[in-house]
Amino acid sequence: MGKYYTVYNENTEEIIAFGNASRCTEILGLKNERQFHAFVSKTRSGLRKKYKVVVEDDTSPTDDDE
């Protein structure tokens with residue numbers, strides 16, 4: 001089970017990126033997932049005020065749930 005991220009523009013509430021870390025890294029044009037995780041950390045701690053990041057557990061149904 002991984003994490004699901006939604007990145008919003010703080011001023012407009014527009015969704016900029018969503019998905020797992022790999023997908024968000026690609027959408028945001030970052031070099032790697034490590035850079036994305038630093039982006040998330042800085043945003044959630046208030047150092048980056050332009051964005052809002054919501055992190056959720058990925059609860060996609062799996063074959064084990066059946």
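Two residues are said to be in contact when heavy atoms of one lie within 4.5 Å of heavy atoms of the other. In the predicted model described here, Tyr-5 is in contact with a series of residues beyond its sequence neighbours up to four places away. These partners are Ala-17, Phe-18, Gly-19, Asn-20, Ala-21, Cys-24, Phe-36, His-37, Val-40, Val-53, Val-54 and Val-55.

The overall fold may be set out next. The chain contains two helices and three strands, and these elements follow one another in the pattern β-β-α-α-β along the sequence. The chain has 66 residues, of which 23% are buried. Among contacts with a separation of 6 or more, 42% join residues that are 24 or more positions apart.

Tyr-5 is also a member of the largest nonpolar core. This core has nine residues, and the other members are Val-7, Ala-17, Ala-21, Cys-24, Phe-36, Phe-39, Val-40 and Val-53. At least two residues of the core come from each of β1 (3–9), α1 and α2. The most is given by α2, which supplies three residues.

The two helices also pack against each other. Helix α1 covers residues 21–28 and helix α2 covers residues 33–44. Their axes are 9 Å apart and meet at an angle of about 90 degrees. Angles from 65 to 115 degrees count as roughly perpendicular, and α1 is therefore roughly perpendicular to α2. On the α1 side, the contact is made by Ala-21, Ser-22, Cys-24, Thr-25 and Leu-28. On the α2 side, Glu-33, Phe-36, His-37 and Phe-39 take part. Sorted by class, the residues of this contact are five nonpolar, three polar and one charged.

Two residues of α1 illustrate this region. Thr-25 is in helix α1 and counts as buried because its relative accessibility is 5%, where the limit for a buried residue is under 20%. The side chain of Thr-25 reaches the backbone oxygen of Ala-21 at 2.7 Å. Apart from its neighbours within four places in sequence, Thr-25 is in contact with Leu-30, Lys-31, Asn-32, Glu-33 and Phe-36. Ser-22 also lies in helix α1, but this residue is partly exposed, with a relative accessible area of 39%. Ser-22 and Glu-33 are 11 residues apart along the chain, and their C-alpha atoms are separated by 6.1 Å.

Just before α1 in the chain is Asn-20, which is placed in the loop between β2 (15–19) and α1. Asn-20 has a relative accessibility of 42% and so counts as partly exposed. A polar atom of the Asn-20 side chain lies 3.2 Å from the backbone nitrogen of Ser-22. With residues up to four places away in sequence set aside, Asn-20 touches Lys-3 and Tyr-5. The C-alpha atoms of Asn-20 and Tyr-5 are 5.9 Å apart, although the two residues are separated by 15 residues in sequence.

In the other helix, α2, Thr-43 is found. Thr-43 counts as buried because its relative accessibility is 7%. Beyond residues up to four places away in sequence, Thr-43 touches Arg-48, Tyr-51, Lys-52 and Val-53. Of these partners, Val-53 belongs to the largest nonpolar core.

Contacts of strand β1 can be followed through Tyr-8, which is found in that strand. Tyr-8 touches Glu-13, Glu-14, Ile-15, Ile-16, Lys-50, Tyr-51, Lys-52 and Val-54, again leaving out residues up to four places away in sequence. Tyr-8 and Val-54 are 46 residues apart in sequence, while the distance between their C-alpha atoms is 8.3 Å.

Glu-13, one of the residues touched by Tyr-8, is placed in the loop between β1 and β2. Its relative accessible area is 41%, and Glu-13 is therefore partly exposed. Most residues other than glycine have a negative phi. Glu-13 is not a glycine, yet its phi is positive, at about 65 degrees.

Note on methods: Residues numbered from 1 in each chain as written. Predicted model: local features only at pLDDT ≥ 70, side-chain atom pairs only at ≥ 80, totals over all residues. Heavy atoms only, no water. Axes fitted to C-alpha atoms, helices over the stretch in contact; angles between N-to-C directions. Helix = DSSP H or I, 4+ residues; strand = E, 2+ residues; numbered from the N terminus. Parallel < 35°, antiparallel > 145°, perpendicular 65-115°, else oblique. Nonpolar A, V, L, I, M, F, W, Y, C, P; charged D, E, K, R; others polar. Core = buried A, V, L, I, M, F, W, Y, C linked by side-chain atoms within 4.5 Å. Buried < 20%, exposed > 50% of the residue type's maximum accessible area, 1.4 Å probe, protein only. Polar contact = N/O pair within 3.5 Å; in protein donor to acceptor, adjacent residues only side chain to side chain.
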